[in-house]
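Student: I have a model open and some labels to check. Can we go through them one by one?

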Amino acid sequence: MEEIKNQLIFLLGSFLSGILVMLAYEAVNIFRGLFRPGVFGRLFLDVVFFIISGVCVFQMIFLCNNGTIRSFFVFAFGAGAILYRKTVGTLLSDLFVKMVRKICYLVSRPFAIFYRKVANKLKKPGKKS
C-alpha cells in the first residue's frame with residue numbers, strides 16, 4: 001500500500017511539474033513580449049530554458065523515482081503542460097505584457113508632455129513668420 005501511495009504522490013508531482021515548466025515558459029514569453037529579442041536572442045532563451053527545465057525534470061525523476069523513467073510520469077507531465085497551455089495558455093503572459101506596457105506608458109506620459117512643452121517654447125522664439 002505504501003508503494004501505491006508513493007507512486008500517486010509521484011504522479012501528482014509529475015502533473016504539477018508539467019504545469020510549473022509551462023509557467024516558467026510563460027515567463028520566457030513575457031520576457032520576449034517586453035524586450036522583443038531577435039532570432040538569436042529567442043534561440044538563446046529557448047536553449048537556456050530547455051537546459052534548466054531538463055535539469056529540473058531529471059532531478060525530480062532521479063530523487064523521487066530513483067532515476068527510473070515511468071510512462072505515467074511522461075503522460076502526467078505532458079498532461080499538466082497541455083492542460084496549462086490549453087486553459088491559461090498565453091492569456092497570462094499577454095495580460096502581463098499589456099499591463100507592464102500600460103504602466104510604462106502612464107509613467108512616461110508626464111515626461112513626454114513636459115518635453116513637448118519645452119520643445120515648443122524653445123522652437124517659437126527662433127521662428128520668423
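Student: Where is R36 placed?
Tutor: R36 sits in the loop between helix 1 and helix 2 (39-65). Helices are DSSP runs of H or I, at least four residues, numbered from the N terminus.

Student: What makes R36 exposed or buried?
Tutor: Exposed means over 50% relative accessible area, buried under 20%, partly exposed in between (1.4 Å probe, protein chains only). R36 has 59%, so R36 is exposed.

Student: What is notable about phi of R36?
Tutor: Phi of R36 is near 45°, a positive value in a residue other than glycine. Most residues other than glycine have a negative phi.

Tutor: A word on the source. This is a predicted model, where local features need pLDDT of at least 70, side-chain atom pairs count only at pLDDT 80 or more, and totals for chains, interfaces and linings use all residues. Residues are numbered from 1 along each chain as its sequence is written, and side-chain values use heavy atoms, with hydrogens and water left out.

Student: Why is S17 called buried?
Tutor: S17 has 14% relative accessibility, so S17 counts as buried. S17 is found in helix 1 (residues 2-35).

Student: Which residues does S17 contact, leaving aside neighbours within four places in sequence?
Tutor: M60 and F77. Contact means heavy atoms within 4.5 Å.

Student: And what about L43: why is L43 called partly exposed?
Tutor: L43 is at 49% relative accessibility, so L43 counts as partly exposed. L43 lies in helix 2.

How values were computed: Helix = DSSP H or I, 4+ residues; strand = E, 2+ residues; numbered from the N terminus.
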